[in-house]
Amino acid sequence: MTLRVERLTFGYPDKPVLRSVNTGDLPVGRLTALLGPNAAGKSTFFRCVAGLQQPQAGQVLLAGNDLHAATRAELIRDVCYMPQSFSSNAALTVFEVVLLARKQLQDWRVHDDDVSAVSHLLLRFGIQHLAERYIAELSGGQQQMVALCQAMVRRGRLFLLDEPTSALDLRHQLEVMQTLREITREREAVTIAAMHDLNLAARFADHILLMEEGRVVASGATDDVLCSSELARTYGVDIELQRSRDGVYMVGARI
Ligand SMILES: Nc1ncnc2c1ncn2[C@@H]1O[C@H](COP(=O)(O)OP(=O)(O)OP(=O)(O)O)[C@@H](O)[C@H]1O
């Protein structure tokens, strides 16, 4: 199974945003990092793929089937989306909001496997100790981990995560990326994480999509894309890359 987005096009009145985006085949069981400068169109791309914004043209093919030809219920079942900004009912606990995310568009009854899925995921992301805390009482980084659990708690086939580590400290960034990579492999899902940290992408992503001004200008294996002159050109900086045992690290950037 692969995800393949073809000619995805979206714009606001007088403002084209996505200009015929083609991703190539994004492999199942692999973590893809979506990179690109501010305003390149990454969040818009996610919203269009998730069906939250209506593209003007193009197809989103998951295992060869057009996601947007599916029913709303099928789309929600298959695609799990974590938006860039966290918004949850502050009067609910962490356990409750993650459970609610799991039950989205499902039978309202809570079964044993729902409770164990939520417990297991909180444990996996290391926030089980927050389960009974109210959302309003959490730090920004803790809220981001809860948002991530909301996206990952369902059995989707495609996970779209908009900057999942932007509010996290160094240790949590590494732990979350490692866990995301493991879960993606175990579930044989397609996971795309938009991010600005090239070092994290280099270390954990298997595949890179590089976006610039509403187009994907490079799609390929992490080592290939990060070493390309395209990356320096897209960001408008000189980038020095150094390979290490764990992958490719960006060690320096100059304007
Ligand atoms: N509701 C809106 N109306 C008009 N233009 C919008 C709207 N939302 C986003 N845009 C524009 O669409 C373009 C792409 O925005 P988008 O949020 O997709 O970029 P991004 O790559 O996710 O950026 P960042 O890395 O800064 O989060 C930007 O020029 C932005 O100003």
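This is a short conversation about reading a predicted model of a protein chain with a ligand.

Trainee: What should I know before I start?

Mentor: Residues are numbered from 1 along each chain as its sequence is written. Because the model is predicted, local features need pLDDT of at least 70 and side-chain atom pairs count only at pLDDT 80 or more, while totals for chains, interfaces and linings use all residues.

Trainee: How many helices and strands does the protein chain have?

Mentor: Helices (H or I, at least four residues) and strands (E, at least two) are DSSP runs, numbered from the N terminus. Here the protein chain has 9 helices and 13 strands.

Trainee: Which residues surround the ligand?

Mentor: A residue counts as near the ligand if its C-beta atom, placed from the backbone, lies within 6 Å of it. The shell includes Tyr12, Lys15, Val17, Gly36 and Asn38, and also Lys42, Ser43 and Thr44. Strand 2 (15-21) and helix 1 (42-49) each give at least two residues, and helix 1 has the largest share, with 3 residues.

Trainee: Is helix 1 largely enclosed or exposed?

Mentor: A residue is buried if 20 or more other C-beta atoms lie within 10 Å of its own, exposed if 12 or fewer, and partly exposed in between, with C-beta atoms placed from the backbone. In helix 1, 7 of the 8 residues are buried, so the rest of the structure largely encloses this helix. Among them are Lys42, Thr44 and Phe45. Just after helix 1, Gly51 has a positive phi of about 80°.

Trainee: What percentage of the protein chain is buried?

Mentor: Buried residues account for 38% of its 255 residues.
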